[in-house]
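Thanks for coming, everyone. Please look at the screen while I talk you through one structure.

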Amino acid sequence: MRTADKTTDAWTHYWRSGHLATCFTGKGTEHDFDARDFWTAFFKGFEDNAVLLDICTGNGAVALLAAETALAEGRKWFVHGADAADIRPHASLRNVPPALRNVRFWPGVEMEKLPFEDGAIDGISGQYALEYTDTARSIPELARVLRVGGRLGLLLHAADGRIVESSRATSQDLKRLFEELHILRAAQAAFSRLYPSAGVSAEREDLKKKHKAVLEDFEARLGELSAWAASDTASEIVEFVAQRLTELYANRDRYHREDIFNFLANLESELRHYRERMKAISHAALTETDVKGIAEAFADHGLLMEQPGHLRNSTGGDFVGWTLYGRRPHGETS
Ligand SMILES: C[S@@+](CC[C@H](N)C(=O)[O-])C[C@H]1O[C@@H](n2cnc3c(N)ncnc32)[C@H](O)[C@@H]1O
């Protein structure tokens with residue numbers, strides 16, 4: 001059984017900064033067309049007045065697909081999106097897609113304790129969702145709220161899938177940035193010398209020498225970072241940090257001291273949250289045996305489960321994640 005993800009703050013930070021989704025496989029876009037087809041096919045077929053719940057919804061990428069499918073099919077569904085993080089999709093997203101207005105969001109709701117009556121839900125969707133929760137508690141809870149005849153659809157992280165592989169590589173790069181290159185610490189030290197706080201004299205010879213050494217150290221690290229960012233092996237985050245610090249250093253005379261230190265503090269907080277999310281993704285990765293265990297646990301609570309499937313990226317053929325369908329058959333209870 002999976003244990004709960006402890007990174008709620010990092011997720012809140014991510015969703016509040018306005019992303020529609022995470023873990024997409026398409027380059028330079030937040031739309032993952034393979035997952036989109038999977039979800040559209042899952043949502044089609046619900047009757048009018050169906051109540052749908054998207055679990056661990058984030059900013060509602062999948063709940064949005066449910067609401068859009070309803071419009072396309074001329075159906076009226078009640079779509080809910082719940083997440084443990086303090087999500088505010090209607091306020092956080094820069095461009096709120098019109099159909100998202102039809103979704104009701106539930107921030108601060110853990111899947112281990114849902115605020116819904118027994119059998120209140122006709123359809124449960126979860127994209128990179130269940131595997132972040134404490135499944136020993138969330139599976140019985142989801143089974144409890146799923147109505148007789150209701151359907152469950154899950155897309156789950158695969159331990160040997162593309163998304164997990166790239167999160168692991170990014171985690172390694174973040175580790176190197178923080179623990180080997182110490183680039184932010186070096187930047188802090190360098191800018192503290194360039195912009196000493198009031199009352200610190202920059203005139204003394206011994207201090208001047210020290211300042212020079214600190215600046216040279218930062219420049220050397222920045223050079224190393226830029227070379228790494230230009231290599232084929234670096235992940236996008238390395239390029240991002242290299243670009244931001246190079247720009248800051250080159251234009252340092254244009255900024256106020258306070259802006260520079262705020263910038264560095266924000267960058268550090270951003271990277272630490274990013275690192276936590278990458279770790280959470282790796283932690284949530286499932287082997288085929290894990291997915292079968294999840295299917296069995298749902299079956300123990302009265303759901304009829306299909307064999308796990310593979311979602312592949314149609315452009316590259318990459319393995320994106322596991323798919324898992326289930327339903328609560330008529331004439332059985334948990
Ligand atoms: C990888 S994100 C997926 C978000 C969304 N489904 C998507 O595909 O864009 C995982 C989400 O699970 C949420 N989460 C983790 N543990 C949870 C729990 N026990 N109960 C509810 N939400 C949880 C996190 O806050 C995060 O928003």
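**The overall picture**

There are 11 helices and eight strands in this chain. Keep in mind that the model is predicted. The C-alpha trace spans about 85 × 35 × 35 Å along its principal axes. The chain has 334 residues, and 38% of them count as buried. Now take contacts between residues at least 6 apart in sequence. Of these, 77% join residues at least 24 apart.

**Two domains**

The domain assignment splits the chain in two. Domain 1 covers 8-161 + 285-327, and domain 2 covers 164-280. How far apart are the C-alpha centres of domain 1 and domain 2? They lie 37 Å apart.

The domains do touch. On one side are 10 residues of domain 1, in contact with six residues of domain 2. Helix H1 supplies four residues to the domain 1 side, the largest share. By class, that side of domain 1 has seven nonpolar residues, three polar ones and no charged ones.

**Valine 164**

Domain 2 starts at residue 164 in the assignment. So what surrounds valine 164? Leaving out residues up to four places away in sequence, valine 164 touches His157, Ala158, Ala159, Ile281, Ser282 and Ala285. Valine 164 sits in helix H6, residues 162-180. Is valine 164 buried or exposed? Buried: 23 other C-beta atoms lie within 10 Å, and the cut-off for buried is 20 or more. Threonine 22 is 142 residues from valine 164 in sequence, yet their C-alpha atoms are 12 Å apart in space.

**The ligand**

Next, the ligand. Around it are 23 residues, and the closest are Trp11, Cys56, Gly58, Ala84 and Tyr132. Which elements give two or more residues to this shell? Helix H1 (8-16) and helix H3 (61-73) do. By class, the shell has 13 nonpolar, six polar and four charged residues. Note that H1 has now come up twice: in the ligand shell, and on the side of domain 1 that touches domain 2.

**Helix H3**

Let's check the length of H3. The helix has 13 residues, and at 1.5 Å a residue it should span 18 Å. Count the steps between residues here: the rule uses one less than the number of residues. The end C-alpha atoms are 18 Å apart, which agrees.

How many residues of H3 are buried? The count is 10 of the 13, so the helix is largely enclosed by the rest of the structure. The buried ones are Ala61, Val62, Ala63, Leu64, Leu65, Ala66, Ala67, Glu68, Thr69 and Ala70. Just after H3 comes glycine 74, with a positive phi of about 70 degrees.

**The core**

The largest nonpolar core holds 83 residues. Ile55, Ala66, Ala67, Leu156 and Val241 touch the most other members. H3 gives this core eight residues, the largest share. Domain 1 and domain 2 both contribute residues, so the core lies between them.

Look at alanine 66 for a moment. It is one of the buried residues of H3. Beyond residues up to four places away in sequence, alanine 66 touches Phe43, Leu52, Asp54, Trp77, Val79 and Ser125.

**Some residues in loops**

Now for backbone angles. Most residues other than glycine have a negative phi. Two residues here go the other way.

Asparagine 49 has a positive phi of about 70 degrees. It lies in the loop between helix H2 (33-43) and strand E1 (51-55). With 10 other C-beta atoms within 10 Å, asparagine 49 is exposed.

Tyrosine 128 also has a positive phi, near 50 degrees. Its loop runs between E4 and helix H5 (135-145). Is tyrosine 128 buried or exposed? It counts as buried, with 24 C-beta neighbours inside 10 Å.

Last stop: glycine 119. This residue lies in the loop between strand E3 (103-106) and strand E4 (121-127). Glycine 119 is partly exposed, with 16 other C-beta atoms within 10 Å. Setting aside residues up to four places away in sequence, glycine 119 touches Val145, Arg147 and Val148. Threonine 287 is 168 residues away from glycine 119 in sequence and 30 Å away in space, C-alpha to C-alpha.

That's the tour. Thank you.

Notes: Residues numbered from 1 in each chain as written. Predicted model: local features only at pLDDT ≥ 70, side-chain atom pairs only at ≥ 80, totals over all residues. Near = placed C-beta within 6 Å. Nonpolar A, V, L, I, M, F, W, Y, C, P; charged D, E, K, R; others polar. Buried ≥ 20, exposed ≤ 12 C-beta atoms within 10 Å, placed from the backbone. Core = buried A, V, L, I, M, F, W, Y, C linked by C-beta atoms within 7 Å. Domains from an automatic or database assignment. Contact = placed C-beta atoms within 7 Å.
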